There are 2 protein chains.
Amino acid sequence: MVNFAHTFAQKKAISAPLPRHKAILNRKRVSIKDIAALAGVSHPTVSRALRGEGRISDETRSRIMSIAQEIGYMPNLVARGLVMQRTNSIGLVVTNIGDPFHSEIIRGVEFAVRDNGYSLFLGSTTADPEQEVRVVHSFRGRSVDGIIIASSEVGAQYAEMFDDGLHMDVPIVLISSHAEGSPLHSVTHDDYGGARQVMAHLLEQGYRRIAYLGHRFGGRVNAERRRAWQETLQSAGLAPFLAINSTETTLDHGVASVNPLLRRADEQWGALPDAVFCYNDLLAIGLISGLRAQNLSVPEDVAVAGFDGLDVAAHIEPPLTTMSQPRYEMGLRAANILLDLLKNHDHTSQPPQELSLRGELLVRRSTVRNSSGG
Amino acid sequence: MVNFAHTFAQKKAISAPLPRHKAILNRKRVSIKDIAALAGVSHPTVSRALRGEGRISDETRSRIMSIAQEIGYMPNLVARGLVMQRTNSIGLVVTNIGDPFHSEIIRGVEFAVRDNGYSLFLGSTTADPEQEVRVVHSFRGRSVDGIIIASSEVGAQYAEMFDDGLHMDVPIVLISSHAEGSPLHSVTHDDYGGARQVMAHLLEQGYRRIAYLGHRFGGRVNAERRRAWQETLQSAGLAPFLAINSTETTLDHGVASVNPLLRRADEQWGALPDAVFCYNDLLAIGLISGLRAQNLSVPEDVAVAGFDGLDVAAHIEPPLTTMSQPRYEMGLRAANILLDLLKNHDHTSQPPQELSLRGELLVRRSTVRNSSGG
DNA sequence: CTGTTAGCGCCTTCAC
DNA sequence: GTGAAGGCGCTAACAG
């Protein structure tokens with residue numbers, strides 16, 4: 001089906017020298033010394049030839065190249081990393097790989113990283129700050145050239161750890177850090193602005209008793225979304241506020257939030273909430289499912305809005321109104337910031353880059369009454 | 001919030017020696033030579049002390065340990081990897097990180113790997129065989145100790161590439177390979193058996209015109225599910241068969257499958273299909289969404305069954321009947337097989353391990369008429 | 001118990 | 001243009 005020899009022959013020998021003959025890979029791995037012996041030159045010469053660097057006669061170069069390809073030479077990146085003090089690898093830390101928000105970030109980072117010839121270490125933390133620190137340190141032990149941390153629980157404290165901000169040996173870029181005020185490179189989503197948009201939409205639709213279903217351990221991100229909710233209601237002269245906090249942001253926790261939510265609403269308003277603004281889509285989708293199980297219909301009885309813009313949000317019933325974050329792009333941009341920093345050999349002198357991206361409000365039926373739209 | 005110094009003090013110095021004083025990490029990274037100089041011993045002695053190996057007086061050992069901790073020593077895993085010919089890292093190849101099926105596999109692998117002190121390289125292929133080969137070779141260049149490949153498009157051909165099956169320098173474990181008959185270590189799901197269960201359920205519910213919505217590039221996996229579908233219908237004396245193939249397995253492709261499906265059904269049966277068995281949950285959820293857009297109700301007009309057991313499948317409307325694969329466990333088991341192989345220094349002599357896991361049929365409302373269950 | 005010597009595979013001065 | 005020597009940080013073999 002796939003002709004590997006052919007595949008190989010088309011690539012530059014140095015970047016991915018594939019063996020002409022299968023079976024060659026079985027031998028102990030060949031080094032530049034082996035090539036040198038076969039070519040009758042010294043290994044530094046082979047090294048230069050393979051990297052296309054230095055003045056070398058075309059004749060010896062092509063001879064070396066063809067031998068390299070013949071015996072299936074493949075540069076040892078570990079050895080190169082040791083001498084170069086640069087591994088061409090970066091580490092990515094996420095809290096939960098299974099969460100669609102994070103998996104899109106991983107996808108973006110992976111693409112950018114691979115596209116630039118780097119390799120990617122992946123580690124997860126399950127939102128445990130100590131585990132996060134442990135993973136970051138393990139990456140440093142691996143001598144990665146840079147680190148990206150999504151949903152950091154530690155955030156600004158890295159600056160303290162490393163004493164004076166960015167002056168650490170390996171640059172760090174944060175994505176949607178849960179921690180406050182990081183003097184570090186970062187890519188964030190405009191959570192406050194986005195949440196204001198959602199709230200404005202809900203008010204415009206005529207909802208007044210708007211509850212917030214938040215994330216107890218959501219740190220800065222949750223705080224921003226909640227603040228937008230609260231300020232919007234205050235500006236509109238609406239009170240009291242009803243907020244519930246979920247300890248995790250899974251579908252099941254969304255379902256489980258229905259009862260406390262309805263109970264609290266009954267206490268405060270003696271009625272159902274008009275609408276619920278959820279910390280994220282998983283909670284929102286779970287909530288809708290739970291409401292349906294209680295024979296409450298969305299949006300007629302209770303409207304629901306989410307946050308994130310998961311693909312599946314468009315395909316549930318009713319389709320979910322949500323603030324779509326450019327998750328893939330956030331990963332991509334974070335990786336590009338890091339790779340840029342790495343080009344500058346002296347990344348420690350760079351001022352912190354702070355990039356804030358805007359999402360897009362996707363209005364769907366879960367918040368729109370008297371409409372057949374989707 | 002988090003006291004790093006404290007966190008560190010509790011760990012063994014060798015595994016994660018954190019600095020007592022912040023700011024120490026700013027210095028050029030310290031090596032065992034620095035410690036040796038401070039302690040007035042030779043570096044090999046430091047090396048031995050740190051690894052708790054060899055006979056060393058308790059006095060010098062503890063002196064070395066405390067100096068190491070004091071100056072924030074951290075072993076350089078690149079250097080260690082070079083001399084040990086073993087990096088304590090493994091590579092994981094997936095086709096699409098964003099796909100929930102793969103992200104759960106990643107999660108399982110990552111957990112097992114980290115739990116055993118290994119690091120994880122991640123690469124994706126977008127289902128391109130050449131890209132898959134490229135990623136695998138880049139991992140070999142990184143000198144990973146082993147490789148796990150999910151949904152391989154190449155599969156058995158690795159054996160050919162490496163001439164005689166398992167006798168390659170780095171062991172490979174396949175998860176749900178799309179390619180046929182691999183003489184390689186593998187973890188698979190019993191797709192044929194699982195699909196038989198789904199089909200038996202559909203027949204039992206009285207459906208007769210059962211279509212299959214497949215994955216054109218699903219290889220072995222798709223073939224097995226489709227074969228189960230076809231054989232079940234044949235055994236039941238049902239024909240003709242209606243199968244549609246989607247080029248990708250996304251929600252949108254599920255939506256887009258509605259029209260060709262209904263057209264074909266009209267041609268073959270002059271009626272709607274009774275039920276549609278889908279290659280996976282994403283296609284199924286998209287299909288349901290698309291049917292709803294045409295004012296067709298599930299399961300009354302058309303029943304729909306999926307495959308994978310995504311969490312969200314339980315929370316859409318109607319809840320989706322699906323064959324739940326133990327995705328996380330598949331990743332976990334694959335990693336454990338690999339790690340076991342790695343303990344045996346001579347993994348080349350091991351016979352291929354082939355593990356087949358069984359899923360669980362989750363019957364929900366999308367295939368059950370005249371019922372209020374879910 | 002500890003120091004000396006050597007080398008993993010590669011790159012980078014320098015000479016020639 | 002090319003070879004010789006040295007070292008990245010670590011572990012391994014052998015002395016003592």
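This report describes a predicted model of protein chains A and B with DNA strands C and D.

**Overall composition of chain A**

Chain A contains 14 helices and twelve strands. Of its 374 residues, 52% are buried. When contacts between residues at least 6 apart in sequence are considered in chain A, 72% of them link residues at least 24 apart.

**Nonpolar cores**

The largest nonpolar core holds 84 residues, and those touching the most other members are Phe277(A), Cys278(A), Val304(A), Phe277(B), Cys278(B) and Val304(B). Apart from neighbours within four places in sequence, Phe277(A) contacts Val198(A), Met199(A), Leu202(A), Ile210(A), Tyr212(A), Trp229(A) and Ala305(A). A second, separate core comprises 82 residues, including Ala179(A), Leu341(A), Val144(B) and Val170(B).

**Packing of helices 2 and 3 in chain A**

Two packed helices are described by the angle between their axes and the distance between the axes. In chain A, helix 2 (residues 32-39) packs against helix 3 (residues 43-51) at about 105 degrees, and the axes lie 8 Å apart. Because angles of 65 to 115 degrees count as roughly perpendicular, helix 2 and helix 3 of chain A are roughly perpendicular to each other. On the helix 2 side, the contact is formed by Ile32(A), Lys33(A), Ile35(A), Ala36(A) and Ala39(A), which meet His43(A), Thr45(A), Val46(A) and Ser47(A) of helix 3. By class, this contact has five nonpolar, three polar and one charged residues.

**Surfaces near the DNA strands**

Around DNA strand D there are 24 residues, of which Arg55(A), Val83(A), Ser31(B), Pro44(B) and Asn76(B) come nearest. Two or more residues each are given to this surface by helix 3 and helix 5 (77-84) of chain A and by helix 3 (43-51) and helix 5 (77-84) of chain B. Helix 5 of chain B gives the most, with five residues.

DNA strand C is likewise surrounded by 24 residues, and Ser31(A), Pro44(A), Asn76(A), Arg55(B) and Val83(B) come nearest. Helix 3 and helix 5 of chain A, together with helix 3 and helix 5 of chain B, are the elements that give two or more residues to the surface near DNA strand C. Here helix 5 of chain A gives the most, with five residues. The class make-up of each surface is tabulated below.

| Surface | Nonpolar | Polar | Charged |
|---|---|---|---|
| Near DNA strand D | twelve residues | nine residues | three residues |
| Near DNA strand C | twelve residues | nine residues | three residues |

**Backbone features**

Most residues other than glycine have a negative phi, and most peptide bonds are trans. The bond from Val298(A) to Pro299(A) is cis, with omega near 5 degrees, and Pro299(A) lies in the loop between helix 13 (281-293) and strand 9 (303-308) of chain A. In chain B, the bond from Val298(B) to Pro299(B) is cis, with omega near 5 degrees, and Pro299(B) lies in the loop between helix 13 (281-293) and strand 9 (303-308) of chain B.

Thr126(B), not a glycine, has a positive phi of about 45 degrees. Thr126(B) sits in the loop between strand 2 (119-124) and helix 7 (129-141) of chain B, and counts as exposed because 12 C-beta neighbours lie inside 10 Å. Asp308(B), also not a glycine, has a positive phi of about 135 degrees. Asp308(B) belongs to strand 9 of chain B and is buried, with 25 other C-beta atoms within 10 Å.

**A buried loop residue**

Ser177(B) occupies the loop between strand 4 (172-175) and strand 5 (185-189) of chain B. Ser177(B) counts as buried because it has 24 C-beta neighbours inside 10 Å. The C-alpha atom of Ser177(B) is separated by 7.4 Å from that of Thr188(B), eleven residues away along the chain.

Note on methods:
Residues numbered from 1 in each chain as written. Chains lettered and ligands numbered in written order. Predicted model: local features only at pLDDT ≥ 70, side-chain atom pairs only at ≥ 80, totals over all residues. Helix = DSSP H or I, 4+ residues; strand = E, 2+ residues; numbered from the N terminus. Buried ≥ 20, exposed ≤ 12 C-beta atoms within 10 Å, placed from the backbone. Core = buried A, V, L, I, M, F, W, Y, C linked by C-beta atoms within 7 Å. Contact = placed C-beta atoms within 7 Å. Axes fitted to C-alpha atoms, helices over the stretch in contact; angles between N-to-C directions. Parallel < 35°, antiparallel > 145°, perpendicular 65-115°, else oblique. Nonpolar A, V, L, I, M, F, W, Y, C, P; charged D, E, K, R; others polar. Near = placed C-beta within 6 Å.
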